[in-house]
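Dear colleague,

I am passing on the structure we spoke about, with the sequence alongside. My notes follow below it, and I would be glad if you could read them with the coordinates open.

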Amino acid sequence: MFRKHVNLKPYTTFGIDSYAELFATFSDVKTLQSLVDQSAGNQLTILGGGSNLLLTKDIQGLVLKNEILGVEVAEETTETVLLKVGGGVVWHDLVMFSIENQYYGLENLSLIPGSVGASPMQNIGAYGVEIKDCFEKLEALEIATKEIHTFSHEACEFGYRESVFKRKLKGKFIITHVYFRLQKHAVLNTSYGAINAELASKGITIPSIKEVSDAVISIRKSKLPDPKELGNAGSFFKNPVVSNPVYENIKISYPDVPSYTISSNHVKIPAGWLIETAGWKGKKVGNCGVHTKQALVLVNYGGATGKEVFELSQAIIDDVYTKFSIELEREVNIL
Ligand code: FAD
Ligand code: EPU
């Protein structure tokens with residue numbers, strides 16, 4: 001059942017060599033429980049689509065890849081539908097399913113790589129929407145007891161690229177199923193500037209769900225590298241939230257610094273702007289570098305090691321701190 005010494009390169013979007021001591025897949029909860037049972041004492045690492053991971057070393061113990069499939073309607077009213085989705089379902093396939101069935105809520109999250117099971121981990125988000133907006137609950141296996149627990153919306157403690165599973169419960173649960181409550185009547189969110197501009201460029205004033213999804217896909221393709229062509233894990237850093245005095249200080253030298261108000265005392269500054277302004281955009285260091293079209297994305301030009309990419313990220317963190325007194329936080333999970 002366990003494969004030994006498996007190269008994880010094909011299972012991650014950064015495309016970096018790293019070997020799992022033991023590797024297995026599971027496509028149902030019973031198999032998962034039995035694998036966890038057999039692995040007692042071994043370190044466990046859960047893998048979805050490998051699109052938010054940087055592997056900096058070989059992985060000791062057992063790597064378990066989630067392949068639980070299935071999208072089913074668990075409940076339906078005249079207004080909404082509740083979908084129960086297997087954690088191994090490809091995220092974009094779920095979004096396409098919702099669009100084909102005219103279930104509203106996930107369209108702005110089109111083309112995000114990865115699995116449904118990982119989506120609550122960091123409350124994935126894009127273009128003004130996060131999964132917390134249509135998340136109802138999830139089921140997860142507790143590694144210590146092999147029991148299935150249900151987590152409500154509140155119990156997940158969602159935040160910006162955050163959840164309880166990235167903090168307090170890190171490494172303790174394996175998400176097996178996620179439930180999404182979607183709307184059956186048109187509710188579209190096109191407030192994000194780039195979506196409006198994309199729709200306007202096509203002369204669309206009252207968009208359909210498919211047109212919003214197509215607009216998002218087109219914007220994403222124009223700036224984010226396709227992992228099949230260039231290894232990456234999306235945004236490497238989070239957009240930092242800074243206090244007003246820090247922001248005002250930057251404004252003295254850069255009056256046009258972009259920002260989004262978060263509260264009366266705090267603003268969010270795009271990390272992409274900080275990294276670009278610090279001079280890193282398009283820079284190549286050894287076999288890795290900073291993407292030419294999106295400074296928030298670190299890329300593997302081929303043959304990069306995880307250590308090399310990590311060191312590049314540290315050099316960026318240090319330089320941005322020296323120049324702006326802002327400490328960037330990595331968004332990608334480092335193993
Ligand atoms: P993995 O990389 O396999 O795992 C990520 C973490 O979750 C790991 O710590 C892993 O151990 C854990 N994990 C995985 N599955 C489970 C499970 N079932 N139970 C418990 N723990 C689990 N993210 C956004 O939010 N917005 C974006 O717009 C976005 N754009 C991206 C664009 C590109 C080109 C790429 C490559 C990535 C992008 N990402 C984005 C990041 C990534 O797609 C998401 O974080 C995604 O949810 C990761 O899913 P995954 O299945 O690949 O997770
Ligand atoms: N910017 C620059 N230079 C760059 C990139 C960005 O100056 O090279 C500035 C510009 O001012 C731009 C602003 O940053 O207007 C925002 O850029 P963009 O719309 O590309 O979004 P982002 O803040 O860089 C975030 C998410 C993405 C998500 C997009 C769209 C984070 C860490 N990243 O990126 O998520 O797709 O918004 O909503 O919040 C991911 O998490 O992996 C990811 C790709």
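Please keep in mind throughout that this is a predicted model.

I begin with one of the sheets, since several of my notes concern strand S19. Strand S13 (residues 231–235) pairs with S19 in the antiparallel sense over 3 bridges, and within that pairing Asn232 has Val299 of S19 as its bridge partner. Strand S18 (residues 288–290) also runs antiparallel to S19, to which it is joined by 3 bridges; here Val290 is partnered with Leu298, while Gly289 is partnered with Val299. S18 and S19 make up a hairpin, with 6 residues lying between the two strands. Taken as a whole, the sheet is open and consists of 4 strands in the order S13-S19-S18-S17, with antiparallel pairing. S13 and strand S17 (284–285) are the edge strands, and each has a single partner, so one side of each is left without a neighbour in the sheet. As for S19 itself (residues 297–300), both of its faces are covered, with Val297 and Val299 buried on one side and Leu298 and Asn300 buried on the other.

The second topic is the ligand site. Ligand 1 is surrounded by 32 residues, and the closest of them are Ile46, Gly49, Ser51, Ser115 and Gly125. By class, this shell is made up of 15 nonpolar, 15 polar and 2 charged residues. Strand S3 (44–47), strand S8 (125–126), strand S12 (173–183) and S13 each contribute at least two residues to the shell, and S13 is also an edge strand of the sheet described above. Backbone atoms come within polar distance of the ligand at several points: a polar backbone atom of Gly49 is 2.7 Å from an oxygen atom of ligand 1, a backbone N or O atom of Gly125 is 2.7 Å from a nitrogen atom of the ligand, and a backbone N or O atom of Ile175 is 2.8 Å from a nitrogen atom of ligand 1. Ligand 1 taken alone exposes 990 Å², of which the protein buries 93%.

Next comes the nonpolar interior. The largest nonpolar core has 39 residues, and among these Trp91, Leu94, Leu138 and Phe180 touch the most other members. At least two residues of this core come from each of strand S7 (80–86), helix H2 (91–100), strand S10 (135–142), S12, helix H3 (193–201) and helix H4 (209–223). The greatest contribution to this core is that of S12, with 5 residues; S12 also supplies at least two residues of the shell around ligand 1.

A few individual residues remain. Asp319 is placed in helix H7 (residues 306–324), and its side chain makes a polar contact of 2.8 Å with the side chain of Trp280. Asp319 counts as buried because its relative accessibility is 18%, below the cut-off of 20%.

Lastly, I would ask you to look at the backbone of two loop residues. Most residues other than glycine have a negative phi. Gln102, in the loop between H2 and S8, nevertheless has a positive phi of about 60 degrees, and at 43% relative accessibility Gln102 counts as partly exposed. Glu157, in the loop between strand S11 (148–152) and S12, likewise has a positive phi, near 50 degrees, and counts as partly exposed at 41% relative accessibility.

With best wishes

Definitions and conventions. Residues numbered from 1 in each chain as written. Chains lettered and ligands numbered in written order. Predicted model: local features only at pLDDT ≥ 70, side-chain atom pairs only at ≥ 80, totals over all residues. Heavy atoms only, no water. Buried < 20%, exposed > 50% of the residue type's maximum accessible area, 1.4 Å probe, protein only. Pairing = 2+ DSSP bridges. Near = heavy atom within 4 Å. Polar contact = N/O pair within 3.5 Å; in protein donor to acceptor, adjacent residues only side chain to side chain. Areas by Shrake-Rupley, 256 points an atom, 1.4 Å probe, with all protein chains shown as cover. Nonpolar A, V, L, I, M, F, W, Y, C, P; charged D, E, K, R; others polar. Core = buried A, V, L, I, M, F, W, Y, C linked by side-chain atoms within 4.5 Å.
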